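The following exercises concern the surface, the confidence and the enclosed spaces of one protein model. Each task is followed by a solution in steps.

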Amino acid sequence: MEAVALSSRFPNAATCPTCNHNPISHLLPLPRSARCRPHLPARPLAVRCLHTPNPIPAAPRPCSAVAYDRAAPPTPVGHRLGLLVDEFRSLPESLDRVKRLLACASSLPAFPESDRVPANRVMGCTAQVWLSVAMDGLGRMRFAADSDSEITKGFCACLISVLDGALPEEVLGMTPDDFGDLNVVGLSVRAPSRVNTWHNLLISMQKRTKALIAKEEGRPPVEPFPSLIIGADGIEAKGSYAEAQAHPYPDGFVVHVFQYLVLICACEIWAMFLSPDGSKIQELVNVLRKKKIGVVAHFYMDPEVQGILTAAQKLWPHIHISDSLVMADSAVKMAEAGCDYITVLGVDFMSENVRAILDQAGFEKVGVYRMSSDIIGCSLADAAASPTYMHFLEAASNSPPSLHVIYINTSLETKAYVHELVPTITCTSSNVVKTILQAFAQIPYLNVWYGPDSYMGANIVELFRQMADMTDEEISRIHQDHNRDSIRSLLSRLFYYQDGNCIVHHLFGHEVVERIKELYCDAFLTAHFEVPGEMFSLAMEAKRRGMGIVGSTQNILDFIKAQLQEALDRDVDDHLQFVLGTESGMVTSIVAAVRDLLNSKRFSANIKVEIVFPVSSDSVSRTSPNGSQGLNYSIAYDHAKLAIVPGVTAGEGCSIHGGCASCPYMKMNSLRSLLSVCHQLPDKDNIIHAYEASRFNSSTPGGKSVADIGCEPILHMRHFQLVQGPSDIISLLLQATGKLPEKLINQILHSA
């Protein structure tokens, strides 16, 4: 039956003249039967018929996988892959397959020393892999590869045997799943340790094939996104100007639409801020020390602010830069260490959380200050405060037992109101999946309502759908109380709000994803959990081959550090390229962490880290021909005679004020504001009263204190969050050992 099936796959294969059976299902590398001698195409593949017993052994011969004759008529890719699969399948012992793979490696043509350059490196492989690609005069693709690992070199030989000489469309049409049946050394290429090599090499082949096609067709090269390159010897901005189109706007302004703009000047200014002015550092440290002021700041701060804070940390210990999860915890530690004031550089819900947690910890007298007298908003917090969100939760209150999992990016007042309506626990992008899994483990018939980030909600559902396709054993390793049936049941009881998103992560849509696929498919891809589904899926695919991360800002930072540490341990020349799929303010913390690693270890290799900032064509802004106003200022750039504008109306898009995906609210936290607030403390005359973080004295509709009830969902999360900071979402699941607090469980069951 196996031979019949393969005969249908390869109808042109010869049959045994004795028994009329197609022998291709048992292609053997060495023996050949005396009775069965099929006339196959000119390849040194030995075969035997299924009906032919006891093949006669033969002397070892070169690996058939790399014996493709370039002078012969090309064989279809599918045919070649089938031969390769059957060749290794015919070897029952793993040791024999390893020997065959090593033979393939030794038969691979010598790789020119001149081609062993960083531009030809294949990223994502543990071993060093080089790949060169060309198109011959007949329009067929020609590949050459090499590796410093003989096993990896054998993998390269196998892949080249399938694709060398193929038409471009054949190369681009291949997927990793096409190699799923290839069992080379005892593990299928579907095994994670094999996917990294096979998949990443295939991705590099396809990327370079696309580039050659574009060159042959006379298409101009696509402009890359702006980036920063960090090395032991400093920081370099990379990019060039793309053509800008100016269109008249009805009100007399000019709209500069920078499609796929590469702003080298913005990167140069980032680089400048990453080496801040020493006098400003000392001024800040002096006032912080004199007045016992602690600083908690979010990763998304303006690069100038973060550059100063990062340097000041070495002189004053009470400065902390992180994601929103631990800002309040850090503030409590500062208060315990004797700080009289805490300045919060973030949006208003962050300062509210800090104020509330300090009060709960008994530090009511510690002052908490924001960086603006105006509202520092957040699109997600606004979405959760809308009437439509309350309608969403009214459905939850009518469907007991229900648990509301609310994103931390919401106001304390909103947390109080919704908790009174439906039992609520706060979550972050780091722990949301763990929270939902544990909730269903403790109450299997529970209904879970997540909000307000619709992209994150959709991504959570997709993640669980992928889990539902895993085996029970795989799922139990993620959470011991779950299996395929429980995950499928969970999916039918999980609901998410569908009308809220982060205005920054919304920019990582279809246009950006398509450009990443074209230019950066072989780079490391990082994505925040708040990105749209297309970007989420792309990053999850990259993660499966060891090239990506989906998680919080801290998860992204940890991933970059881990990849760099591996490169340092290898101590060979390397260029690590990361696409930053979150707010560009992260770059300061990334640069600081990379520099620390580069300076902490002696190594001889030339290792660089490149951070790529995706640009959306939504990066559009208006600027007056007579000058700029407020945040929307322009910079004269003599070389191109163009105006550089921050982006969509208030600092989004690609700009010198934080980069390509930049939160306008976060950029309200300036160094000038921080110094002004600090110098004004203590505020005996109430001059900066409007800068104080809100302390809610109002009551909920049920007559309870907003401060007390709003804090409770946060405290539920703090009780549950027993561990902190793994490298990504999937790894975080492995640490899902906490329990939802009994008080919350009782609230859920009581409401039912």
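**Exercise 1.** What is the accessible surface of the protein, and what percentage of it belongs to carbon and sulfur atoms?

*Solution.* The model is predicted: local features need pLDDT of at least 70, side-chain atom pairs count only at pLDDT 80 or more, and totals for chains, interfaces and linings use all residues. Residues are numbered from 1 along each chain as its sequence is written, and side-chain values use heavy atoms, with hydrogens and water left out.

Step 1. The accessible surface (Shrake-Rupley method, 1.4 Å probe; for residues, only the protein chains shown count as cover) comes to about 30,700 Å².
Step 2. Carbon and sulfur atoms account for 52% of that surface.

**Exercise 2.** State the average pLDDT and locate stretches where the score is below 50.

*Solution.* Step 1. The average pLDDT (the predictor's confidence in each residue, from 0 to 100) is 78, and 75% of the residues score at least 70.
Step 2. One stretch below 50 is residues 1–62, with 112 contacts (heavy atoms within 4.5 Å) beyond near neighbours in sequence.
Step 3. Residues 723–737 also have a pLDDT below 50, and this stretch has 39 such contacts in the model.

**Exercise 3.** Describe the largest cavity and its lining.

*Solution.* Step 1. On a 1 Å grid over the protein atoms alone, a cavity is a set of points where a 1.4 Å probe fits but cannot get out; lining residues have an atom within 4 Å of a point.
Step 2. The whole structure holds 6 cavities of 30 Å³ or more, and the largest cavity has about 280 Å³ of space (the volume filled by probe spheres set on the points, which are joined across faces, edges and corners).
Step 3. Of its 29 lining residues, His 298, Tyr 300, Met 350, Asn 409 and Glu 530 are closest to the centre.
Step 4. The lining comprises 14 nonpolar, 12 polar and 3 charged residues; Ala, Val, Leu, Ile, Met, Phe, Trp, Tyr, Cys and Pro count as nonpolar, Asp, Glu, Lys and Arg as charged, and the others, Gly among them, as polar.

**Exercise 4.** Which helix gives the most to the lining of the second largest cavity?

*Solution.* Step 1. The second largest cavity has about 110 Å³ of space and 14 lining residues.
Step 2. Helices (H or I, at least four residues) are DSSP runs, numbered from the N terminus; α10 (327–336), α11 and α24 (706–720) each supply at least two residues of this lining.
Step 3. The helix sought is α11, with 5 residues.

Conventions: On a 1 Å grid over the protein atoms alone, a cavity is a set of points where a 1.4 Å probe fits but cannot get out, and a pocket is an open set with protein on both sides within 12 Å along at least five of seven lines; lining residues have an atom within 4 Å of a point.
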